[in-house]
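Work through the following exercises with the coordinates at hand, and try each task before reading its solution.

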Protein chains: 2
Amino acid sequence: MNLRRDIFQAIADPTRRAILLLVASQSMTAGGIAANFDTARPTVSKHLRILTECELLEQKKNGREIYYHLNPKKMKEIADFIEPFRKMWDERFNKLEAIMKKYKKK
Amino acid sequence: MNLRRDIFQAIADPTRRAILLLVASQSMTAGGIAANFDTARPTVSKHLRILTECELLEQKKNGREIYYHLNPKKMKEIADFIEPFRKMWDERFNKLEAIMKKYKKK
DNA sequence: CATTTATGTAGCCATTTGCCTACGAATACT
DNA sequence: AGTATTCGTAGGCAAATGGCTACATAAATG
């Protein structure tokens with residue numbers, strides 16, 4: 001399981017999306033994360049590796065435990081992709097944009 | 001090439017993301033879309049099928065031509081996934097939210 | 001120091017993916 | 001009618017994916 005390591009590929013797997021949501025609020029150990037899934041621990045470990053390699057997650061070692069936490073900057077890259085489409089459905093967004101323009105002028 | 005047809009899987013492929021961006025501003029025919037890529041036309045056709053099956057694209061037949069156009073509602077589903085993470089990087093978003101609250105109160 | 005605990009890695013396997021070359025179906029053109 | 005054009009589908013293939021069972025490594029624990 002190598003090659004093709006980009007955020008979109010990473011996000012494509014349901015388990016990996018679940019991991020991201022799980023770690024969003026607080027950092028968790030590899031084991032703690034794995035405990036939330038039915039798949040074998042090494043399988044989750046592989047998912048963590050993929051998420052880490054594409055920098056959606058970051059590690060922080062603490063003794064023999066490894067904590068994983070989200071990297072918001074990388075999450076933003078996904079948002080950036082859909083941003084051009086946003087105006088196509090979100091009127092509220094346009095309204096806010098308009099307000100923001102006024103706000104900046106002041 | 002069957003099974004597992006969801007937006008995230010669809011978005012995972014670079015060619016398919018390019019197609020979405022291409023069709024964003026205007027609807028295009030299958031051939032017109034394929035002309036923008038180096039891959040064989042049937043390959044692009046398959047990508048179009050996948051995007052259509054997961055409802056990111058919609059077809060509109062016109063004679064022997066088939067026009068593809070974006071379905072913003074489905075694009076929003078991707079945005080919905082990252083929405084919970086947005087506050088982690090976008091201060092501007094928070095600022096706008098604050099302003100919006102005031103705005104609504106009036 | 002031997003043992004348990006927390007993780008990652010190796011290697012194997014079935015399934016899925018993306019791509020290509022025919023080929024088929026339907027509509028337009030002469 | 002016969003031919004050209006626009007598309008989708010079938011089938012085959014190499015590579016990637018996700019999962020599992022050992023096994024390796026490294027840090028706590030008794």
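**Exercise 1.** Determine in which helix of chain B the residue B:Ile7 lies, whether B:Ile7 is buried or exposed, and with which residues beyond its sequence neighbours B:Ile7 is in contact.

*Solution.* In this predicted model, the first step is to place B:Ile7 in the secondary structure, where it falls within helix H1 of chain B, a helix that covers residues 7-12. The second step is to consider its accessibility: the relative accessible area of B:Ile7 is 7%, and because buried means under 20%, B:Ile7 counts as buried. The third step is to list its partners, and once the neighbours within four places in sequence are set aside, B:Ile7 is in contact with B:Cys54, B:Leu56, B:Lys74, B:Glu77 and B:Ile78. As a final step, take the C-alpha distance from B:Ile7 to B:Tyr68, which stands 61 residues apart from B:Ile7 along the chain; the separation is 17 Å.

**Exercise 2.** Establish what operation lays chain B on chain A, and which residue of chain B comes closest to the rotation axis.

*Solution.* Begin with the general principle that two copies of a chain are related by a rotation about an axis and a shift along it. Here the superposition of chain B on chain A uses a turn of 180 degrees with a shift of 0.0 Å along the axis, and leaves an RMSD of 0.2 Å. That is the relation of a two-fold axis. Among the residues of chain B, the closest approach to the rotation axis is made by B:Ala12, whose C-alpha lies at 3.0 Å. Turning to the interface, 100% of the interface residues of chain B are also interface residues in chain A, so the copies meet through the same surface.

**Exercise 3.** Describe the fold pattern of chain A and work out how its radius of gyration relates to the globule rule.

*Solution.* Counting elements gives six helices and three strands in chain A, and reading along the sequence arranges them as α-α-β-α-α-β-β-α-α. For 106 residues the globule rule gives 13 Å, whereas the radius of gyration of chain A is 18 Å, well over that value, so chain A is more spread out than a compact globule. The box filled by the C-alpha atoms, taken along the principal axes, is roughly 55 × 25 × 25 Å. As for burial, 41% of the 106 residues of chain A count as buried, while 52% of the contacts with a separation of 6 or more join residues 24 or more positions apart.

Technical notes:
Residues are numbered from 1 along each chain as its sequence is written. Chains are lettered from A and ligands numbered from 1 in the order in which they are written. This is a predicted model: local features need pLDDT of at least 70, side-chain atom pairs count only at pLDDT 80 or more; totals for chains, interfaces and linings use all residues. Side-chain values use heavy atoms; hydrogens and water are left out. Copies are superposed by least squares on the C-alpha atoms of residues with pLDDT of at least 70 in both. Contact means heavy atoms within 4.5 Å. Helices (H or I, at least four residues) and strands (E, at least two) are DSSP runs, numbered from the N terminus. The radius of gyration is taken over C-alpha atoms; the globule rule is 2.2 Å times the number of residues to the power 0.38. Buried means under 20% relative accessible area, exposed over 50%, partly exposed in between (1.4 Å probe, protein chains only).
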